[in-house]
Structures are given as structure tokens and as C-alpha cells.
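Hi,

Here is the structure I said I would pass on. Have a look at it first, and then read my notes underneath.

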Amino acid sequence: MAFEFQRLTVLRAGRRVLEEITATIPAAGITVVAGPSGAGKTTLLRLCNRLEIPDEGTVSYRGRPMDELDPLTLRRRVGMVFQRPTPFPGSVADNLAVAHPEATTGELSTALTRVALDSGLLGQDARSLSGGELQRMCLARTLVTRPETLLLDEPTSALDARPKQVFENTARDLAGQGITIIWVTHDDAQAARVADRIYQLREGHLARAAEGTGP
Amino acid sequence: MNDTVSWLGLAVSLLLVAVAAGISWWQRLGLQRQIIIAAVRALAQLLLVGAALTLVISPGRSIWWSWLWVAAMIGYASSVARRRAPEVPHLLTLALASFGAAAVVTLGVLFGLHVFPLTGRTLVPIAGMMVGNSMTATVLAGRRLTDELRDKRDEVEARLALGQHSRQAATPYVRSALRAALTPQIETTKATGLVFLPGAMTGLILAGVAPLQAVLVQAVVMFLVLAATATTTAVIALGLVRRLFTQDHRLRYLPTPADH
């Protein structure tokens, strides 16, 4: 089991963003959390990376309560890719090196190759990449920490059909390599394409909806 | 020229205030009343401070009165900093710590190494220079760092999500804030003597001190201000990072200036 949520509640400005969620997320394959905007999907992912903590309830990762885990180590084990690409100033290599300053050029090249980017991009200014390349660079940057789990927060919401497909294929490949993926999306068609299983988050409640069809 | 300004001289200098008010009246700026109030208020404040200083640093008076004056200055400057940038969390305590640290560093060097003799007559004005000249940079550093961390929250959290320590994640924004706060002082220091004659030196020359001696005092004051600015801004920035992130390396909610 990757994550276990016990009576998880998150309040924001008096509103219950998540309400008494009790669920488990398996470690294998891609789990999609679908649901309308504002349903609390991003909040749920941020709890898994400990960028937020719940007001009530607990999150456990691989059998251990989050608050017993060192947050810095946890975040390297559980990487996160955000909805909007977040390039740092400098080249692609500079960006990847933020995750692992001692990484060799070979390791950085491998990270790019894993997300279907040319290793020749290493010296290029990160902010000159296209939207699709930028989002995959952010994924590569996360892979540099060698995570066992990836949290993807609507990573293709701003991409056109072709780069979206490349990103989905890349994520499937990574899942095939044994990385647990939790993918948040409000796109039902995408959920059906990539998911091994789908959870629906509506009005603060999480429920297992269906087995996905996968690619 | 006489070395001192008489009360008559002071009265005559009010003609200059009249010039400023006259320009406002001529150009219909509507600022005459404010100009006169500002001038009268400044004069009253200076006379009060002068009277208080006369008591505090008069010969034979214990130097503890001067230290008390310095502490009051630091307290007042910290409260002014807090009022100027209410959106910066914990600024009052951080400003107290930063002015305190700058006092230890600068006064420690100047008096500990006998650049100036430690008397009330030297302590109070030097501490005043230290606090007064570093306050703007202190507020700027605090405000800039808070703005950067709030406006670039996505970027900061992307760094945290990669497993960076909060101090490490904040480093680029701390550097940016410190550069922004220190650059004006560095530029001022560079232009000193060429573009403008600074106040302390002008005052000394007007008071009859030999220009070379005035230059030496001014140079020490410039270095004092540089060190004080660097110290206060660094303490503010590093202190803020400790306060703006949680122990488990999450960035706290940062209010915008409009929230205050």
C-alpha cells in the first residue's frame, strides 16, 4: 500500500476542503484521482508530499504515519510535478542539478532520456523550452531524486494533444519501471486512458470509481 | 564664517522655508501649509532632541544614560520599521534583533578597537547614524523577501518538493532581497565625495573642523553604515526565513499588503 488516509479532514477559511476521507492507494501502477475543479484533488496530493498537513486525521506512507517520517527524505521518495511548470533560472542542467547537485552529466542525461527529451537540451536555457518540454523537464528534475512514487497534479492541463500524449506515454513507461504514480486530473478521457484504477473526489469525499482501461 | 549658528541665524534660515512655500504658492501646488508644518515640526523635534541630548551627554553624566538612549532609538526604529511594512510577519522582533546585532558589530569595532573614544558624545550620534541609515534597507530587505516568497510560492514549493531544506529553498530569494537592499547603499558609498558631500562631513566642516579630519570621520561613518546595513538586512532575511517556514519545511501562508 502506498498511501493510507484515515479520517482526513482539511479546512480552509472555515470550509471543509476534504472531509473525513478514509481510503488506501495501492503502490502498483497509475492511480488517477479525478473530480471537478475545487474538489480538493490538489490538496490531497500536497498532503502526500507534506507540503500541507491535515487539520484532522492521518496520512500514512508505506505503513508509516507521515509525521514519523523525515519530511526532506519523504519528499525525495515521493516526488511531485505541479500543474504549472516551475522552471528555475538557468539551463536545463542547472534545473536538474537543484534536485541533486552532485549528479553527473551522465545521470542528468539519463533523466532527460527517461522523459523522452534529448540530452542535447542540457545546456539550453530552461525558460526557452516549449510547454510540453518544460513539463517533462520538471518530471525529469523530479526523477533525479530517484523517487519511488510520483504525484502528478494535472500536469498536462496546459498542453496540446501531441505533447499531452507524449507525457502520458512517458508516465506509463515510468509506471512500467515500478514507480507508483498518483495522477490528478479533471479530464475523464485522460483518466480512462492512463489509469490502472480511478478514484473520484467530489465535495470533499473520495471513492473508488472504477478500474481504468490503461493504454 | 562663524563656527556656530546663532538663534538669529536660525531665524534668517527660515527664509529658505519661505522660498519653498513661495514656489508651492506660485505653482499652485497647495503644499504651503504642509511645508510650514513640516519645517516647524522638524525644528521642534530637533530642539527637543538637542535639549535631551544635552542632558544625556553632558560632561560628568553616566554613560549608561547614553546606552539607554541607544536602546530607545533601536526600539523606536524597530516600531517605525514595523509600521512601514505591516505585511512582513514578526518585523518588530526581527528589527530589534537586527539593529541589536548591527549595534554589537559596529559599535564593537569602533569603540572596541578605539577608533573613537567611548563617551556619550560619540556613542549617541554614531548609534544614531547606524540605526537611521540602515532602517530603510532593513524594511526593504524584509519586504522584498516576503514579496518574493509569496509571489514565487510555486517555485519555492517546487524546490521544497524536491527535498530541499527550507533554508536552501529560500536561498535564491534571500540573495535577491539582500542585493536589492544593499545596492542603493553601495551606490551611495561609491558616489560619496564626487556627486555629493555627505551630511556628517558637511556638518563638521561648517562647525569649523579641518576638511581632512572631517573626511576621516565621514569615511568611518560610511563604513559604519555599510556594515550596519549589511548586518541588519542579513539578520532580517535569515530571521524571516526561520519564521516563514515551519519546522517541517512548509512555507507558511503569507498575507499580501492589501490584507493589512
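Among contacts in chain B between residues at least 6 apart in sequence, what percentage join residues at least 24 apart? The figure comes to 73%. Before going further, please keep in mind that this is a predicted model.

**Chain B as a whole**

Let's stay with chain B for a bit. Its secondary structure consists of nine helices and zero strands, so if you write out the elements from the N terminus on, you get α-α-α-α-α-α-α-α-α. The C-alpha trace spans about 70 × 55 × 35 Å along its principal axes. Chain B has 260 residues, and 31% of them count as buried.

The domain assignment splits chain B into domain 1 (1-57) and domain 2 (62-259). Taken over C-alpha atoms, the centres of these two domains of chain B are 29 Å apart. Where they touch, four residues of domain 1 of chain B are in contact with eight residues of domain 2 of chain B. On the domain 1 side of that contact, you'll find three nonpolar residues, no polar ones and one charged one.

**How some helices of chain B pack**

Start with helix α1 (residues 7-26) and helix α2 (residues 32-57) of chain B. Their axes come within 8 Å and cross at roughly 165°. Because an angle over 145 degrees counts that way, α1(B) is roughly antiparallel to α2(B). The crossing of this pair, α1(B) and α2(B), is right-handed. Which residues do the meeting in α1(B) and α2(B)? From α1(B) come B:V17, B:A20, B:A21, B:S24 and B:W25, and from α2(B) come B:Q32, B:I35, B:I36 and B:A39. By class, that contact of α1(B) with α2(B) has seven nonpolar residues, two polar and no charged.

While you look at those numbers, here is a handy rule: an α-helix has 3.6 residues a turn, so residues three or four places apart point the same way.

Next, try helix α3 (residues 63-84) and helix α5 (residues 120-151) of chain B. Here the axes come within 10 Å and cross at roughly 10°, which makes α3(B) roughly parallel to α5(B). The residues of α3(B) that take part include B:W65, B:W69, B:M73 and B:V80, while those of α5(B) include B:L123, B:A127, B:V131 and B:M135. This contact of α3(B) with α5(B) is made up of 15 nonpolar, four polar and one charged residues.

Helix α3(B) also packs against helix α4 (residues 91-112) of chain B, at an angle of about 140° and with the axes 8 Å apart. That makes α3(B) oblique to α4(B). As for handedness, the crossing of α3(B) and α4(B) is right-handed. Among the residues that meet are B:V70, B:I74 and B:A77 from α3(B), and B:L92, B:L96 and B:F99 from α4(B). Sorted by class, the contact of α3(B) with α4(B) has 10 nonpolar, three polar and one charged residues.

If you like colouring residues, try B:V70, B:I74, B:A77 and B:A81: they are among the α3(B) residues that meet α5(B), and they are also among those that meet α4(B).

**Over to chain A**

Is helix α1 (residues 41-48) of chain A mostly covered or mostly open, and how many of its residues are buried? It is mostly covered, with eight of its eight residues buried. Charged side chains are no exception in name: A:K41 and A:R46 are on the buried list, along with others such as A:L44 and A:L45.

Two residues in chain A have an unusual-looking backbone angle for you to check. Just after α1(A), A:R50 takes a positive phi of about 60°, although A:R50 is not a glycine. You'll find A:R50 in the loop between α1 and β4 (56-61) of chain A. A:R50 is buried, with 23 other C-beta atoms within 10 Å.The other one is A:E20, whose phi is near 45°, also a positive value in a residue other than glycine. A:E20 lies in strand β2 (residues 15-25) of chain A, and A:E20 counts as partly exposed, with 15 C-beta neighbours inside 10 Å.

**Where the chains meet**

The contact takes 19 residues from chain A and 13 residues from chain B. On the side of chain A that touches chain B, α2 (71-77), β6 (78-81), α3 (92-99) and α5 (131-143) of chain A each supply at least two residues. The largest share, four residues, comes from α2(A). By class, this side of chain A has eight nonpolar, five polar and six charged residues.

Cheers

Technical notes. Residues are numbered from 1 along each chain as its sequence is written. Chains are lettered from A and ligands numbered from 1 in the order in which they are written. This is a predicted model: local features need pLDDT of at least 70, side-chain atom pairs count only at pLDDT 80 or more; totals for chains, interfaces and linings use all residues. Domain bounds come from an automatic or database domain assignment. Two residues are in contact if their C-beta atoms, placed from the backbone, lie within 7 Å. Ala, Val, Leu, Ile, Met, Phe, Trp, Tyr, Cys and Pro count as nonpolar, Asp, Glu, Lys and Arg as charged, and the others, Gly among them, as polar. Axes are lines fitted to C-alpha atoms, for helices over the stretch in contact, and angles run from 0 to 180 degrees between N-to-C directions. Angles under 35 degrees count as roughly parallel, over 145 as roughly antiparallel, 65 to 115 as roughly perpendicular and the rest as oblique. A crossing is left-handed if the near helix is turned anticlockwise from the far one by less than a right angle, and right-handed if clockwise. A residue is buried if 20 or more other C-beta atoms lie within 10 Å of its own, exposed if 12 or fewer, and partly exposed in between; C-beta atoms are placed from the backbone.
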